[in-house]
Amino acid sequence: MIIDRDLGIMLPDGTRLSAKIWRPESSQTEPVPAILEYLPYRKSDGTAARDETMHPWFASRGYACLRVDRRGCGDSEGVFDDEYSEQELQDGENILRWIAAQPWCTGHVGMQGISWGGFNGVQLAARAPEPLKAVISIGTTVDRFHDDIHYKGGIQLGENIGWAATATSWCAMPPDPALAGPNWRDAWLTRLAQMPFMAKIWAENSDRNTYWKHGSVCETFEKLSAPVLVMGGLHDGYRNAMAAMVENLSCVAKGVAGPWSHKYPHISTIGPSIDYHNLALRWWDRWLKGKSNGAENDPAMRTYVMDSIAPDDSLSFRPGHWVADQSWSSEQVDTATLPFGHGVLGAKDTFSARIETKLACGQSCGEFFPFGFGGGELPGDQSLDDALSTCFESVPFDEDRTILGAPTVKLRVSADATCAQLIVRLCDLRPDGSSALISMGLLNLRHRDGFDQKTPLEPGQTYDVSLRLDHTAYRLPAGHRVRVAISGSYWPYCWPEDRHFTLTLTEGSVDLPIRKSQDAVTYEFEPPIDFPRRQVRQLRPNSAKKSWTTDANGNLVLEIVGDQGQNEDVETGLITQSTLHERWSIHPDDPATAQVDITWTRGLSRGDWKTSTKLTAQMRGEKDMFSIRQTLEAWEDADLVFSDTQSARVPR
């Protein structure tokens with residue numbers, strides 16, 4: 001195998017991108033197809049361990065595998081501007097063309113990736129560059145506004161500022177001098193000086209405008225022609241793209257929905273993991289090498305149906321079973337409509353229920369992104385949040401039911417204010433007394449007529465609204481009940497309105513997509529293979545802590561501390577370290593007191609060379625405004641070489 005840690009890709013404007021490549025020695029005389037993974041997450045240290053589990057294995061089976069650092073990130077030249085920017089996608093097209101033109105490549109290129117790399121793979125496919133023949137997209141979305149880390153149902157997520165801090169801290173680290181040469185320091189200082197204020201940009205764009213439509217492949221489904229294998233975890237924040245692409249793409253599209261966290265399927269922190277290698281190889285062999293292996297005839301959707309278990313916010317394995325559907329449409333399910341009555345589901349009668357703004361609701365929400373960085377990432381027992389919500393409960397089911405798809409909740413509501421929000425959770429009421437989260441959905445009621453523009457509510461006026469909850473695959477055993485829990489806030493999962501409000505609910509129903517038993521075709525994936533692992537020496541162990549407390553002023557406080565330890569890459573000698581501290585607080589009597597303080601520290605060193613950064617971000621939810629502040633600092637050895645503070649006040 002030929003391995004080059006710093007293969008230079010020259011873009012038309014003269015910018016040099018750095019790639020790591022693994023390719024078979026035989027490619028010197030016999031060209032091979034290529035597989036591209038294109039990310040900002042630093043190939044030399046950020047994703048090096050993960051890359052080692054895949055790319056060498058594919059290369060040993062006749063592929064040139066490239067892991068390319070995005071412009072202005074890692075070891076690549078230039079300046080980072082924003083996620084999924086036009087510059088990023090133009091560069092991506094040029095990378096694909098450059099790869100296809102190399103003498104070691106047949107001209108056929110595939111793209112694989114999770115999260116950022118899952119996004120830009122399908123985004124590039126929507127631009128239909130000629131060399132791109134197939135895509136594997138994992139942990140992804142088709143709609144950057146409504147179904148991403150920023151907004152959900154038009155409500156700004158807590159992770160909007162959290163992700164801005166994380167991404168900025170990633171992109172602010174220097175290139176490796178061993179690859180970038182003596183100009184590494186100048187490149188780093190330029191990178192730091194031109195870092196975008198992403199928290200401000202994302203908060204300013206609070207409607208689904210052209211900013212978010214750019215890169216949302218649901219805008220251009222018809223333009224995708226390269227076959228897409230789309231995968232994701234049912235414990236991840238990205239649960240909906242699999243069905244959306246399989247339903248809407250006219251090209252070959254296959255979906256796999258597993259029980260995983262925000263990880264590749266072979267290294268998920270929630271099992272059972274699967275043999276991603278041979279699944280992906282089958283896809284690449286079919287579309288990049290033209291092998292007649294029948295990949296195009298695989299089931300349209302393969303889904304892991306999760307068993308009902310006691311809630312566990314640190315779950316490592318989810319019992320269940322795989323099912324397969326040769327096609328994916330409403331024909332796979334029967335819709336069970338349960339109307340709302342007075343506190344009940346399934347017995348419609350006249351009622352009037354109040355939904356209050358109870359700011360303590362949300363303490364059992366878990367993280368949008370469960371990475372496996374510590375306990376408490378997953379939703380726990382929902383009973384506490386249920387007690388702070390308006391609930392409707394069914395009678396016990398007389399037989400097992402499998403919910404497969406996206407439940408829909410329809411409500412008739414009025415508000416006593418011009419702004420309000422709805423958070424709807426579907427829960428499994430288990431015989432042991434616990435309440436387990438099945439699915440959830442959010443809606444900013446000012447976006448009741450669509451996400452393109454907010455429209456104030458008319459106090460006292462009645463509105464009919466509909467929420468589509470996240471896709472799920474969940475087996476409800478006989479004897480279990482379901483609960484619909486509705487609240488007006490869900491902190492810190494999402495930002496509350498700046499004032500209390502009360503909703504009056506007078507009618508409602510939930511549509512449950514129930515899998516037809518006669519179509520229950522079981523399926524099996526092989527377990528992960530014994531894949532290669534990169535040698536890393538742990539110099540300081542990692543640790544994590546998450547706790548809720550009430551401070552001296554009566555504020556509810558969530559504190560999250562994560563230390564990824566200190567680790568040395570045995571091959572390169574690079575030593576990395578990072579720590580995260582988050583403090584979320586709110587006073588239960590005042591929604592406008594919601595605030596968060598986030599600090600990321602990162603270090604990168606080798607021998608006498610030592611660099612570090614500190615990123616602090618604060619966000620306050622004030623009356624009519626969000627106040628945002630960010631400070632970025634950088635050190636070389638003990639010398640402060642960069643410091644910059646940016647702040648903004650953004651209308652809600």
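This tour goes through one sheet, then one pocket and two cavities.

The model is predicted, so local features need pLDDT of at least 70 and side-chain atom pairs pLDDT 80 or more, while totals for chains, interfaces and linings use all residues. Residues are numbered from 1 along each chain as its sequence is written, and side-chain values use heavy atoms, without hydrogens or water.

Select strand E15 (390–393) and strand E22 (481–487); strands are DSSP runs of at least two residues, helices (H or I) of at least four, numbered from the N terminus. These two strands run antiparallel and are joined by 4 bridges; pairing takes at least two DSSP bridges. Thr-390 has Ile-486 as its bridge partner. Add the rest of the open, antiparallel sheet, in the order E15-E22-E18-E19. E15 and E19 are its edge strands.

Stay on E19 and show the largest cavity, about 420 Å³. A cavity is a set of points on a 1 Å grid over the protein atoms alone where a 1.4 Å probe fits but cannot get out; a pocket is an open set with protein on both sides within 12 Å along at least five of seven lines; lining residues have an atom within 4 Å of a point. Volume is the space filled by probe spheres set on the points, which are joined across faces, edges and corners. Of 32 lining residues, His-235, Arg-239, Arg-318, Pro-379 and Leu-437 lie nearest the centre. E19 gives the largest share, 5 residues.

Next, select His-146, Asp-147, Asn-240, Arg-468 and Leu-469, nearest the centre of the second largest pocket. Its volume is about 440 Å³.

Finish at the second largest cavity, about 160 Å³. Gly-154, Gln-156, Asn-444, Arg-446 and Phe-626 are closest to its centre.
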